[in-house]
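Biologist: Could you walk me through this fold? I'd like to start with the sheet and then move on to the helices.

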Amino acid sequence: MDDSTAPLVIVDGANVVGSVPDGWWRDRRGAAERLRDRLASDGLPGLAGPVEIVLVVEGAARGVEPVPGVRVESAPGSGDDHMVALVAAAGGRPVLVVTADRELRRRVTELGADVTGPRAVRR
C-alpha cells in the first residue's frame, strides 16, 4: 500500500500536547518533538496496517523536523485551517483527525473525516 491509499492520520499537535499539563508550555517545540517521536515509535495504537501520519504544528512549535514515519507540517497560519485543508485535499482516502477541539471536529467531520481524541496517542 502506498501513501496515496493508506489511511491518513492528521494529529493536531497543539491540542494533543496541550491535553496534559506536563510543563509543555515551557518548551513547545520540545513537546512537539516528543509527540512526533512517540508517533514514530508507537504509531496510533489500535489502528492496524500502514498509515500516513501527519503532525501539524503551529506557533512556537513551527520548524519541527519530520522523521521516518511522521510527516510534520508547520501551519503557515491557523493550525485548524491547515488541518481542514489537508482533509479536503485527501480525495476520498480514509482520514482520521486526532483532536479534542470541538470546532475542528465539526469542520473535519463535515468533510467526511473520522475523529478521535488525544488519548489515542497519549500514554
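Modeller: A word on terms before the sheet: two strands are taken as paired if DSSP finds at least two bridges between them. Please also keep in mind that this is a predicted model.

Biologist: Fine. What does V56 stand opposite in strand 3?

Modeller: V56 stands opposite E73 in strand 3, and strands 2 and 3 run parallel, joined by five bridges.

Biologist: And what faces V56 from strand 1, or rather, which residue stands opposite V56 there?

Modeller: That is D12, which stands opposite V56 in strand 2; strand 1 and strand 2 are likewise parallel and joined by five bridges.

Biologist: What is the strand order of the sheet?

Modeller: The sheet is open and has five strands in the order 3-2-1-4-5, with parallel pairing. Strand 3 (70-74) and strand 5 (114-116) are at the edges and have a single partner strand each, so one side of each lacks a neighbour in the sheet. From one strand to the next the twist averages 25 degrees.

Biologist: How many bridges pair strand 1 with strand 4?

Modeller: Strand 1, residues 8-12, pairs with strand 4, residues 95-98, over four bridges in the parallel sense, and V11 stands opposite V98 of strand 4. Helix 4 (residues 102-110) packs on the sheet here, touching strand 1, strand 4 and strand 5, and its direction makes about 155 degrees with that of strand 5.

Biologist: Back to strand 2: how many of its residues are buried?

Modeller: Six of the six residues of strand 2 are buried, so strand 2 is largely enclosed by the rest of the structure. In a regular strand the side chains alternate between the two faces of the sheet. In strand 2, E52, V54 and V56 point one way while I53, L55 and V57 point the other way, and all are buried.

Biologist: Which helix lies across strand 2?

Modeller: Helix 2, residues 28-42, lies across strand 1, strand 2 (52-57) and strand 3, and runs at about 175 degrees to strand 2.

Biologist: Now the other helices, please. At what angle do helix 3 and helix 4 pack?

Modeller: Helix 3 (residues 79-88) and helix 4 pack at about 15 degrees, with their axes 9 Å apart. Since angles under 35 degrees count as roughly parallel, the two helices, helix 3 and helix 4, are therefore roughly parallel to each other, and their crossing is right-handed.

Biologist: Which residues make the contact?

Modeller: From helix 3 the contact is made by D80, D81, M83, V84 and V87, and from helix 4 by L104, R107 and V108. By type, the residues of this contact of helix 3 with helix 4 are five nonpolar, three charged and no polar.

Biologist: Is helix 3 mostly covered or mostly open, and what covers its buried residues?

Modeller: Helix 3 is mostly covered, with seven of its ten residues buried, namely G79, D80, H82, M83, V84, L86 and V87. The cover over the buried residues of helix 3 includes strand 1, strand 2, strand 3, strand 4 and helix 4.

Biologist: Changing topic, where is A120, and what does A120 touch?

Modeller: A120 is in the segment after strand 5, and, leaving out residues up to four places away in sequence, A120 touches L44 and P45. The relative accessible area of A120 is 22%, and because buried means under 20% and exposed over 50%, A120 is partly exposed.

Biologist: How far apart are the C-alpha atoms of A120 and A90?

Modeller: The C-alpha atoms of A120 and A90 are separated by 21 Å, and the two residues are 30 residues apart along the chain.

Methods: Residues numbered from 1 in each chain as written. Predicted model: local features only at pLDDT ≥ 70, side-chain atom pairs only at ≥ 80, totals over all residues. Heavy atoms only, no water. Axes fitted to C-alpha atoms, helices over the stretch in contact; angles between N-to-C directions. Contact = heavy atoms within 4.5 Å. Buried < 20%, exposed > 50% of the residue type's maximum accessible area, 1.4 Å probe, protein only. Parallel < 35°, antiparallel > 145°, perpendicular 65-115°, else oblique. Left-handed = near helix turned anticlockwise from the far one by under 90°. Nonpolar A, V, L, I, M, F, W, Y, C, P; charged D, E, K, R; others polar.
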